[in-house]
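Q: Please take one part of this model and go through it closely, residue by residue, and then set it beside other parts of the chain. I would like a connected account rather than a list.

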Amino acid sequence: YTKYDSLMNKYPSYVTKETLGFDVSDNYSIRAYHFIPPYVPILHGDTAQVLDDKPHYKKIILTSGTHGNGERGDNTESIIALYEFAKALCEKNSDNKYLYDITDNYHIIIVPLVNPWGVVNKSRYNARGVDINRNFTNGWSSEEEHCGEHALSENESKCIDALLSSNKDAIFCFDIHTRGGNTFQQTYPQIMGICTDGDDIEHLFQASIGKVKSKFDGFSGDLYRHGVFGCIRSQCRYYNIHSATIECTFMAENNGQKHTALSNKVNIEMLINSIIECIKKYS
């Protein structure tokens, strides 16, 4: 949050924040940061008449920190990657030319920490032992482990549900995770997702994976369909928002540095390319 607040203070005409609520422990806020292209009105002569209306930018929602940061959860690569992506949006410092199209033409909504208690306390679950990514309405099942007393029983899932409900015009949402958590080490980015309207979107993600593979030596890619329900992705389907889960690469610890510069570059590239592929289809 401190890093995002620094971006907001440095780029006040581009970045604003919204407090969605608090986690079930009532100790940690759940925030959304809005990245909206600054509005520059076109004025007419001495009358200063505004000739154009303020544009309605299409929205893209990005979330991370859903599975905290700990045993069976996500390593912080995904949280770091999403912040670095936000920073690149502000500074326009990526060598990917498509980043500028995202910055200049889309309203980006980022929730850095869906489960802040889990991040702070090194846990996959929230303070009540609930897996937030199994607590949403669409497809909720009492047979799932750590699913909660009922759908939307947790403050965290309520906050995200309210965000999705109030932004049903978003063209898509990516929930960002880290492949494999602490127990499974991989060196490739992976995307899994199903389009909300039944369209076959696998080719979109195969294309984005292919671009990453071609740019970075030693990285491969994979894609598969995953049928977990009661998750953020399935709740997006409830609101007819196209959605997918991006699994960031987890770099094995090397010389004491887990979060390497290379993993950041790979993950940011995956985010940019995946967003651009979906923009091509849905904008």
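**A loop and its surroundings**

A: The chain has eight helices and ten strands, and what follows describes a predicted model. Of its 283 residues, 54% count as buried. Among the contacts in the chain with a separation of 6 or more, 72% are accounted for by residues 24 or more positions apart.

The part to look at closely is the loop between α4 (116–120) and α5 (155–166), where R128 lies. K122 is found in that loop too, and L152 also lies there. Two of these residues deserve attention for their backbone: K122 has a positive phi of about 55 degrees although it is not a glycine, and L152, likewise not a glycine, has a positive phi of about 60 degrees. What is the relative accessibility of K122, and is this residue buried or exposed? K122 has a relative accessibility of 54% and counts as exposed, because the cut-off for exposed is over 50%. For L152 the relative accessibility is 18%, and this residue counts as buried, since buried means under 20%.

R128 is partly exposed, its relative accessible area being 45%, a value that falls in between the two cut-offs and is therefore given neither of the other labels. Leaving aside the neighbours of R128 within four places in sequence, this residue is in contact with V24, E149, S153 and E154. A further relation is to G148, which is 20 residues away from R128 along the chain, with 8.5 Å separating the two C-alpha atoms.

A86, placed in helix α2 (residues 77–91), offers a contrast in surroundings. A86 has a relative accessible area of 0% and is buried, and, not counting residues up to four places away in sequence, it touches Y4, L7, F35 and I110. Measuring from C-alpha to C-alpha, A86 and I268 are 9.5 Å apart in space, although 182 residues separate them in sequence.

I268 falls within the range of helix α8 (residues 261–282), which packs with helix α3 (residues 98–105) at an angle of about 65 degrees, their axes being 10 Å apart. The crossing of α3 and α8 is left-handed. From α3, the residues Y98, L99, D101 and I102 take part, and they meet I272, I275, I276 and I279 in α8. By type, the residues of this contact divide into seven nonpolar, no polar and one charged.

The last element to set beside the loop is helix α6 (residues 202–215), which has 14 residues and reaches 20 Å from its first C-alpha to its last, close to the 20 Å expected at 1.5 Å a residue. Which residues of α6 are buried? They are L204, F205, S208, I209 and V212. Seen down the axis of α6, these buried residues fall within an arc of 130 degrees, so they line one face of the helix.

To return to the loop between α4 and α5, the picture there is of K122 counted as exposed, R128 partly exposed and L152 buried, with contacts from R128 to residues that include V24 and E154.

Technical notes. Residues are numbered from 1 along each chain as its sequence is written. This is a predicted model: local features need pLDDT of at least 70, side-chain atom pairs count only at pLDDT 80 or more; totals for chains, interfaces and linings use all residues. Side-chain values use heavy atoms; hydrogens and water are left out. Helices (H or I, at least four residues) and strands (E, at least two) are DSSP runs, numbered from the N terminus. The expected span of a helix is 1.5 Å times one less than its number of residues. Buried means under 20% relative accessible area, exposed over 50%, partly exposed in between (1.4 Å probe, protein chains only). The arc is that of the directions from the helix axis to the C-beta atoms. Axes are lines fitted to C-alpha atoms, for helices over the stretch in contact, and angles run from 0 to 180 degrees between N-to-C directions. A crossing is left-handed if the near helix is turned anticlockwise from the far one by less than a right angle, and right-handed if clockwise. Contact means heavy atoms within 4.5 Å. Ala, Val, Leu, Ile, Met, Phe, Trp, Tyr, Cys and Pro count as nonpolar, Asp, Glu, Lys and Arg as charged, and the others, Gly among them, as polar.
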